[in-house]
Amino acid sequence: MHFLFIVLYKILILKLMLSDVEIWLSSAIYYHYTNFASMNDEYFMKQALQLAQRAYEEDEVPVGAVIVMNEKIIAKGYNQVEKLVDCTAHAEIIALTSAFNFLGSKYLMDASIYITVEPCVMCAGALYWSKIGKVIYGAADEKNGYQRITRDVSPFHPKTVAQAGILQKECGELLKEFFAQKRK
């Protein structure tokens with residue numbers, strides 16, 4: 001059984017190395033060989049942080065997002081505003097669009113989104129219309145986050161649960177480092 005896992009894992013890695021296309025891993029191999037307790041908010045936020053790091057490396061504001069259903073990542077996104085010359089190409093919007101296409105649905109009631117930074121008002125509006133089940137973000141964004149506008153009123157769908165502060169320090173440090181580099 002262990003041998004089969006190694007062979008399948010090597011095939012998966014080979015496919016990833018040979019392709020420039022993002023492969024959305026439903027990850028049956030990982031799913032069956034992982035302790036479910038490790039598939040928690042911190043795990044998924046770390047996946048979003050990896051995407052934020054990718055944005056950083058591409059000289060984009062380092063924000064990453066992953067959308068999860070049934071303990072599996074179904075969609076990913078990172079900021080691509082400069083790359084696409086599109087002020088709406090935020091991590092959340094890219095991840096939402098990918099999830100809608102993947103599921104063939106415009107609603108994500110059974111999904112959770114993990115975002116490294118508090119969503120802006122535009123992204124909060126998109127999350128509202130998606131009816132996403134849960135919004136989890138890392139660092140607060142006092143300058144551009146939705147709370148600057150909405151204060152104590154949730155901008156999300158009434159059934160959406162919001163949670164802040166997962167890996168807040170790590171998420172915030174990446175942003176601070178990015179903007180410190182920009183000021184040099």
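The protein chain we are looking at this morning contains eight helices and five strands, and I should say at once that this is a predicted model. If you follow the elements from the N terminus on, they run α-α-α-β-β-α-α-β-α-β-α-β-α. As for how much is covered, 40% of the 184 residues in the protein chain count as buried.

Let me start with the strands. Strand β4, which spans residues 134-139, is mostly covered, with five of its six residues buried. Its pairing with strand β3, residues 112-117, is in the parallel sense and runs over five bridges. To give you one position to find on the screen, Ile-115 has Tyr-137 in β4 as its bridge partner.

Next, the backbone, where two residues deserve a careful look. As general background, most residues other than glycine have a negative phi. Asp-59, although not a glycine, has a positive phi of about 60°, and this residue sits in the loop between α3, residues 41-57, and β1, residues 64-69. Is Asp-59 buried, partly exposed or exposed? With a relative accessible area of 42%, Asp-59 is partly exposed, because the buried class ends at 20% and the exposed class begins only over 50%.

The second case is Glu-71, which is likewise not a glycine and has a positive phi of about 65°. Glu-71 is found in the loop between β1 and β2, the latter covering residues 72-78. At 34% relative accessibility, Glu-71 counts as partly exposed.

That brings me to the surface and its charges. Which residues form the negative surface patch? The patch is made up of Glu-42, Glu-170, Glu-173 and Glu-177, and its largest share, three residues, comes from helix α8, which covers residues 168-183. Glu-177 is one of the residues lying in helix α8. Why can Glu-177 be included as far as accessibility is concerned? Its relative accessible area is 44%, which makes Glu-177 partly exposed, and because a patch residue needs over 30% relative accessible area, Glu-177 passes that part of the criterion.

To draw this together, I would keep three places in view as you turn the model: the parallel pairing of β3 with β4, the loops that hold Asp-59 and Glu-71, and the negative patch to which helix α8 gives the largest share. Please bear in mind throughout that everything I have described belongs to a predicted model.

How values were computed: Residues are numbered from 1 along each chain as its sequence is written. This is a predicted model: local features need pLDDT of at least 70, side-chain atom pairs count only at pLDDT 80 or more; totals for chains, interfaces and linings use all residues. Side-chain values use heavy atoms; hydrogens and water are left out. Patches are made of residues with over 30% relative accessible area and no salt bridge: like charges are joined within 9 Å, nonpolar side chains (Val, Leu, Ile, Met, Phe, Trp, Tyr) within 5 Å. Accessible areas come from the Shrake-Rupley method with a 1.4 Å probe; for residues, only the protein chains shown count as cover. A salt bridge is a side-chain nitrogen of Lys or Arg within 4 Å of a carboxyl oxygen of Asp or Glu. Lys and Arg count as positive and Asp and Glu as negative; His and the chain ends are not counted. The place of a charge is taken as NZ of Lys, CZ of Arg, CG of Asp or CD of Glu. Helices (H or I, at least four residues) and strands (E, at least two) are DSSP runs, numbered from the N terminus. Buried means under 20% relative accessible area, exposed over 50%, partly exposed in between (1.4 Å probe, protein chains only). Two strands pair if DSSP finds at least two bridges between them.
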